[in-house]
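Work through the exercises below with the sequence and the 3D view side by side. Try each task before you read its solution.

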Amino acid sequence: MTDLTLWYDRPATDWETQALPIGNGALGAMVFGGTGTERLQFNEKSLWTGGPGSREGYDFGDWTSPRPGAIAGVQEALDRDGSMAPEAVAAALGQPKSGFGAYQPFGDLWLDLATRPGSAAGYRRELSLGEAAARVTYTADGVRHTREYLASHPANVIAGRVSADEPGQVSFTLRVSTPHEDGRVGVSAGRLTIRGRLADNGMTFEAQVRVVTEGGSRTDGVDRITVTGADSAVFVLSAGTDYAPVHPHYRGQDPHAAVTDAVDRAVAQGYEALRRAHQADHRTLFDRVRLDLGRREPSIPTDRLRAAYAGGASADDRALETLFFAYGRYLLIASSRAGSLPANLQGVWNDSTTPPWSGDYHVNINLQMNYWLADQTNLAETAQPYVDYVAGLVRPGEITAREMFGARGWLVHNETNPFGFTGVHDWATSFWFPEAGAWLAQQLYDRYRFSSDTGYLRDTAYPVMKGAAEFWLDTLRTDPRDGTLVVSPSYSPEHGDFSAGASMSQQIVRDLFTNVAEAADVLGDAEFGGRVRDALAKLDPGLRIGSWGQLQEWKADRDDPENAHRHVSHLFALHPGRQIAAGSREGEAARVSLTARGDGGTGWSKAWKINFWARLLDGDHAHRMLSEQLRTSTLDNLWDTHPPFQIDGNFGACAGMAEMLVQSQHGEIHVLPALPSAWPTGSVRGLRARGDVTVDIDWRDGAAERITLHAGRTGPITVRTTLAGGCRVSGGVRPRRSGDTLSWDAQAGTAYTVSRVSP
């Protein structure tokens, strides 16, 4: 898989734009690849300031004193005046954050090497996506030096091996540093330990590193370990905190025992066994999907490949796009595995004690976007942290619903942390978004639509969905303008005035009610399903078409055709929702709105627009947005930039590329729905479609030649494809034909191949 490797001909000097990420979900590290001094900046995802115990005090974002009539007062003003300035609403309903906290870097591991300055030649620094390993190689004084780094999920360690092609040539000093003044370093018997308690909230943290040599000598210092004249050396690092995802205290066991056990077990099995287990685990996920857009190994380093990218017809452009797709899947595997928190705004990587937006969980699109690709690109297991995290918001969200709204059910507002922050803050244009809980629940239901797992629906997704629906059944307001049920107060992120019934708010609640009603039918909850359907019949759907043919962002027709704001929130019903289909009246209005907003925006915004244009079946425009993202919103290490670095754009773009190849949101598997002219010939293996179907496609000259559908359950399959008029289907079925669709009754475990018939 050399074509799925990021590589560079010089060390990294900048954390954000050049260093290379490895991770196992909970642990992450950034590899710099220096020749004189190597730096691995590392993180453990639960190390956060804030929350219970914070010296600022922590209130979960809930109002610190009662505000009787506050929400009703805003609603009455909106009924009377039609709109209200964000600052006025924030003054009435917001409050400053207290103890929200921020994601913290754990520290840096340094290797002071014996390489003479300026003596290194033939340098290469790389990240193999297929192997999930970073490597550094170079020659100095006639000796070839190699370093390899990996982050193992099975072992919960970061490990590295330092070697040379001649015996006795490995010498270095290993040391660590931490930005936390309360961290203390000690060394004993080849084990370096850093331990402390965060001054802000008392969270206990510990990391351990063991160094094992082959040949040569190892010397323990007060705060460092020195290796001299070894044939090779291995270090193994693990880290943890006493965080636990349990409301209301969010504290658990001291990390010492778990960290010690992880390090010792990894050392005991040896580096080669550790490496084999790590790569087997990684490949179980990564190898499920393979995209070929005319594969070839680029002959130039990745930074120059990206700089030369033009979105044209060159083989190098296709190579970069293929690499970018694979990188999105790699990053999700590296930053979201079972047993850890979900990927945050920066995945698992962070080098600042005051990271942008606290490195938090923004839930007005960003956390959701992180997981759009999980089921689509056959990485369902990586979404388990998301599922667990959303379920963990229910209890604090119930308190917020009761105390702020006097309602049942649960909610969360615009952004949150690992400590159940479900309330508000006071940044006027981003503090109020109670629809976030319904949007989070939408993806729980979509996971069911991909898997058809009724046990998961009953035990995990439906209770969360039902609680979100209960909140909206209690809080929707009858609009005096037309008698429909609307969200009030309502705000379309992150601009304009507050109003009642903004389109995104209505679309999200409609999506939630539709999903809950469907799930209630599956699970036999007729009473609640009936209540939801009654409300759904009265709900304003948020799909009005305005005076210039646009899909309105607000219930009133006040869209500005010159507005190029990066948020296009009122197209939620197109994606990730399923209320708008391409070619429909609303679909054409969505196209008008999207065209007016333009192709600009920050990285995550461009990624969302890839998905929008794919859902509108415009592959060339979707590809244009992919090109824009690669050219103007992607760094040399292929991280997405907002700016600064923000990982959701990587994940959203990968999902958008999958949407260009397979869609299944409307009850049929649409093959190559938005294939761009830039991808005339190619293949993909392993994409997933709703209904528990895995899809392989080969195409040539812009049309499918062969489609194989692997049925995971028994039931009907409907495929939409342009080759339906001249094809055959293997698997012993006689498909029913209707226009460009084929349908048949599939058997679980059977593969069906649709092949083009030559004229």
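**Exercise 1.** In which strand is the place of Leu687? Then describe its surroundings.

*Solution.* Start with the ground rules. This is a predicted model, in which local features need pLDDT of at least 70, side-chain atom pairs count only at pLDDT 80 or more, and totals for chains, interfaces and linings use all residues. Residues are numbered from 1 along each chain as its sequence is written, and side-chain values use heavy atoms, with hydrogens and water left out.

Step 1. Leu687 sits in strand 24, residues 682-689. Helices (H or I, at least four residues) and strands (E, at least two) are DSSP runs, numbered from the N terminus.

Step 2. Check its cover. Leu687 has a relative accessible area of 1%, so it is buried. The scale is this: buried means under 20% relative accessible area, exposed over 50%, partly exposed in between (1.4 Å probe, protein chains only).

Step 3. List its contacts (heavy atoms within 4.5 Å). Leaving aside neighbours within four places in sequence, Leu687 is in contact with residues including Phe325, Thr377, Leu661 and Thr694.

Step 4. Compare sequence with space. Thr377 is 310 residues from Leu687 in sequence, yet their C-alpha atoms are 5.1 Å apart.

**Exercise 2.** Is Thr694 buried or exposed? Find its polar partner too.

*Solution.* Step 1. Locate Thr694 in strand 25, residues 693-700.

Step 2. Its relative accessibility is 17%, so Thr694 counts as buried.

Step 3. Look for a polar contact. The term means a pair of N or O atoms within 3.5 Å; within protein, one must be able to donate a hydrogen and the other to accept it, and residues adjacent in sequence count only if both atoms are side-chain atoms. The side chain of Thr694 makes such a contact with the side chain of Arg688, at 3.1 Å.

Step 4. Not counting residues up to four places away in sequence, Thr694 touches several others, among them Asn378, Leu687 and His710.

**Exercise 3.** Which residues touch the most other members of the largest nonpolar core?

*Solution.* Step 1. Fix the term. A nonpolar core is a set of buried Ala, Val, Leu, Ile, Met, Phe, Trp, Tyr and Cys residues joined through side-chain atoms within 4.5 Å.

Step 2. The largest core has 226 residues, and Ile22, Leu129, Tyr330, Phe513, Leu661, Ile697 and Trp744 touch the most other members. Helix 6 gives the largest share of this core, eleven residues.

Step 3. Inspect helix 6. Of its 21 residues, 19 are buried. The helix covers residues 315-335 and reaches 30 Å from its first C-alpha to its last, close to the expected 30 Å. That expected span is 1.5 Å times one less than the number of residues.

Step 4. Take one core member. Leu661 is in contact with residues including Leu291, Trp679, Leu687 and Ile697, with neighbours within four places left aside.

**Exercise 4.** Where is His425 found, and which backbone oxygen does its side chain reach?

*Solution.* Step 1. His425 is in the loop between strand 19 (415-416) and helix 11 (436-451).

Step 2. His425 is buried, with a relative accessible area of 4%.

Step 3. Its side chain reaches the backbone oxygen of Ser430 at 3.2 Å. Beyond four places in sequence, the contacts of His425 include Gly94, Glu415 and Phe431.

**Exercise 5.** Which peptide bonds, ending at Pro489 and Pro644, are cis? Then turn to phi.

*Solution.* Step 1. The bond from Ser488 to Pro489 is cis, with omega near -5°. Pro489 lies in the loop between strand 21 (485-486) and helix 13 (503-523).

Step 2. The bond from Pro643 to Pro644 is also cis, with omega near 0°. Pro644 lies in the loop between helix 17 (619-632) and helix 18 (648-661).

Step 3. Leu617 is not a glycine, but its phi is positive, about 65°. Leu617 is partly exposed, at 32% relative accessible area.

Step 4. Asp701 has a positive phi too, near 50°. At 67% relative accessibility, Asp701 counts as exposed.

**Exercise 6.** How many helices and strands does the protein have?

*Solution.* Step 1. Count 18 helices and 31 strands.

Step 2. Add the overall cover: buried residues make up 63% of the 759 residues.
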